[in-house]
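Please look over the sequence and the structure below, and then follow the paragraphs that take its parts one after another.

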Amino acid sequence: MLRYVSVLWDATDPYTSQRAADAGKKLDRLSNGWQRIFSAPGLMVFTDLGRASYAAIYTLPAEAGIILGRLFPTVARTTACTQTPLVDEAAALRMVETSGAHLIQRYWGAYVAFMRNATGSHALAIRDCSGKIPCYRTSHSGVHICCADLSDLEQAGLRSFTTNWQYLAAFIYVPRLQIRDCAFKEVTELLAGDCFEIRQRVVRQFSAWDPGKICDSGWISDYADARSVMRATTQYCIDSWASHFLSLAVRASGGLDSSIVLGCLSKSANRPKIICINEYADNTNDDERKYARLATSLAGVRLVEHLREPTKPALDSVLIAAQRTGKPSISSLERANEIDPINQIVSKESAQSVWTGQGGDHLFYQMKTTFGAADHFSHSGFGGNFLGSVRDAAHLSREPYYAVFRDAVRLARRRQRWTPPLLLVSKPYFVNPDLVRGDIQEYVTTPWASSVQHLPKGKQYQIQLLAECLNRHRTMPGLELAEEHHPLQSQPLMELCLKIPSYVLQKGGRQRALARDAFGDVLPNAIAGREDKGETEWFVREFIRRNELPIREAVLDGALVRERIVIRSELEPFLMKRQPMRTEQYWALLACLASELFLRSWSERPGRAAA
């Protein structure tokens, strides 16, 4: 994990400058590989690169700042970016003047950037749109500190934290929650694509990478053009990333997206050593080994099959440690459960990273909706083969043609603010409604929502789901021998897919239709043609079934019940009497457990967070 701490302040303020100097002295005392790598009025940066094998340090000229991670220049997408990009003084100053816009337009990758102007009155932090590197921010006396791991601030004695119960209530209410607020009152997250800026003592945080503006830059509506550029852009991104690794493990689920990643890797001129991992369950609906074998055979790589079971108890120290971030995470429960066998394979094969196909569903449009017809009407009205899009949408949704036609026209003509149905806040489970914010729908909505309201409804839906996906991943410091990497979540590919209309992505009434066509040369026919997906709910149900007693202990007698966030009497029928649960109740229960483990992870170690 790439670990860093940056200190930003207005250097024209003597009092704030002294507070920043005090913080710098504390950070200088950090041991185990930490070093101060940048220091100028308005900005200090400390780092410990650790096991982040992909990471580099880019020092900008004219003391304009520093970029940590991996940076690629935005060039013609035909040849992989294998060279270290050079940033001249004019470009560096332009990055600062434009509040990071010049950086985002000219470069892509996985990075956090910290920059300043000549006087130190203007400083900024940027987290790139892939969301790969975490970035949390806390402030005190005008000094703003950004870091990847809050434990480092605790170790340096810079900050103590108090629990944000309101956030935890919202998280249980909406487990897919991804917003800037965190589970500590003093902490804010820079979401994927966010910029934090200090300019002459005025502080703001905003979306520097704006999907709405990307869509406004021009649609790619021709199917043949879209297919060609999707294939080339994906290969370009895979090649660029592959050039920085000698050995990789790929999670070959047997699904379309991971198979696309593997197929493009197999064609890469920079192909590293590859080992594939398939985690299957003792359950017919979650056993995709036959597809994984086809994909790895075509790619000519070895496959390791591992029986996927929830073997770790709910209160296991690893599951608790995995929650020691700025926010509790349900996905970390599952990943921490699998960490031991993955680490064993990674160690044996000397893999530097574990690649996945995450993001493909959102970018390539794995969605059974009628929005494609509405989007077509928004672009072309009744022309441009609108009836063909109605037919495709009806096939996807299994709804009558007349209903799709009617609803598409109504939806496209709707002008008031719209929230996709699946993103609407539904009935709360287990959480005390008296402690949920009155503006809960507004609170849980991602910042991008306000800038995309003018877009066709299907594109709004895609962007909202993409926001959740990009901000979902949580690193697990000290637990993973090799970090996960999601190469499909690369800026050039994301921007391309945002500019392709939903009805082009699903042409012919098939989910991810354009992707199936574009990658036909690297996919087995059985995978290119499959419409089903592996089931993940079995793992969740099995984990809860095997951990009834520890979950009961953690949740029914935990801090959430004591603080009246969770209503014990609503949980008891499920945890005491084994009453059957619906899918949404499973996720709410896991959100309760993740929250309890989060609180334990911070209270059971030195420097505990205050309640």
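In this predicted model, a good place to start is a pair of helices, H15 and H16, whose crossing is right-handed. The contact between them is made on one side by Phe386, Leu387, Val390, Arg391, Ala393, Ala394 and Ser397 of H15, and on the other by Tyr401, Val404, Phe405, Ala408 and Val409 of H16. Sorted by class, these contact residues comprise ten nonpolar, one polar and one charged. Helix H15 covers residues 386–397 and helix H16 covers residues 401–413, and the two pack at an angle of about 115°, with their axes 9 Å apart. Because angles of 65 to 115 degrees count as roughly perpendicular, H15 is described as roughly perpendicular to H16.

A second pair of helices can be set beside this one. Helix H8, residues 256–266, packs with helix H9, residues 289–299, at an angle of about 10°, and their axes are 9 Å apart. An angle under 35 degrees counts as roughly parallel, and therefore H8 is roughly parallel to H9. Where these helices meet, Ser259, Leu262 and Ser266 in H8 face Ala295, Thr296 and Ala299 in H9 through contacts. By class, the contact of H8 with H9 has three nonpolar residues, three polar ones and no charged ones.

From helices we can turn to sheets. Six strands form an open sheet with antiparallel pairing, and reading across it gives the order E2-E3-E1-E9-E8-E10. At its edges lie strand E2 (35–40) and strand E10 (187–189), each of which pairs on one side only. From one strand to the next, the twist of this sheet averages 20°. Within the sheet, strand E1 (residues 3–8) runs antiparallel to strand E9 (residues 143–147), and four bridges join the two; Val5 stands opposite Cys147 in E9. Helix H1 (residues 14–28) lies across E1, E2, strand E3 (43–48) and E9, and the helix runs at about 15° to E3.

Another open sheet is formed by five strands in the order E15-E14-E13-E16-E17, and here the pairing is parallel. Its edge strands are E15 (302–307) and E17 (484–485), and each of them pairs on one side only. Strand E14, which spans residues 273–280, is joined to E15 by six bridges, and the two strands run parallel. Along this pairing, Ile277 stands opposite Val304 in E15.

The last topic is the aromatic rings. How many aromatic pairs does a search of the whole structure find? The search finds 21 of them, and one aromatic pair, formed by Phe245 and Trp355, is edge-to-face, with 6.1 Å from centre to centre and 85° between the planes. This pair links distant parts of the chain, since Phe245 sits in the loop between helix H7 (223–242) and strand E13 (247–251), while Trp355 belongs to strand E16 (residues 353–355), and the two residues are 110 residues apart. Strands E13 and E16 both appear in the parallel sheet of five strands described above.

Terms used
Residues are numbered from 1 along each chain as its sequence is written. This is a predicted model: local features need pLDDT of at least 70, side-chain atom pairs count only at pLDDT 80 or more; totals for chains, interfaces and linings use all residues. Side-chain values use heavy atoms; hydrogens and water are left out. Axes are lines fitted to C-alpha atoms, for helices over the stretch in contact, and angles run from 0 to 180 degrees between N-to-C directions. Angles under 35 degrees count as roughly parallel, over 145 as roughly antiparallel, 65 to 115 as roughly perpendicular and the rest as oblique. A crossing is left-handed if the near helix is turned anticlockwise from the far one by less than a right angle, and right-handed if clockwise. Contact means heavy atoms within 4.5 Å. Ala, Val, Leu, Ile, Met, Phe, Trp, Tyr, Cys and Pro count as nonpolar, Asp, Glu, Lys and Arg as charged, and the others, Gly among them, as polar. Two strands pair if DSSP finds at least two bridges between them. Rings of Phe, Tyr and Trp (its six-membered ring) pair if their centres lie within 6.5 Å; planes under 30 degrees apart count as stacked, over 60 as edge-to-face and the rest as tilted.
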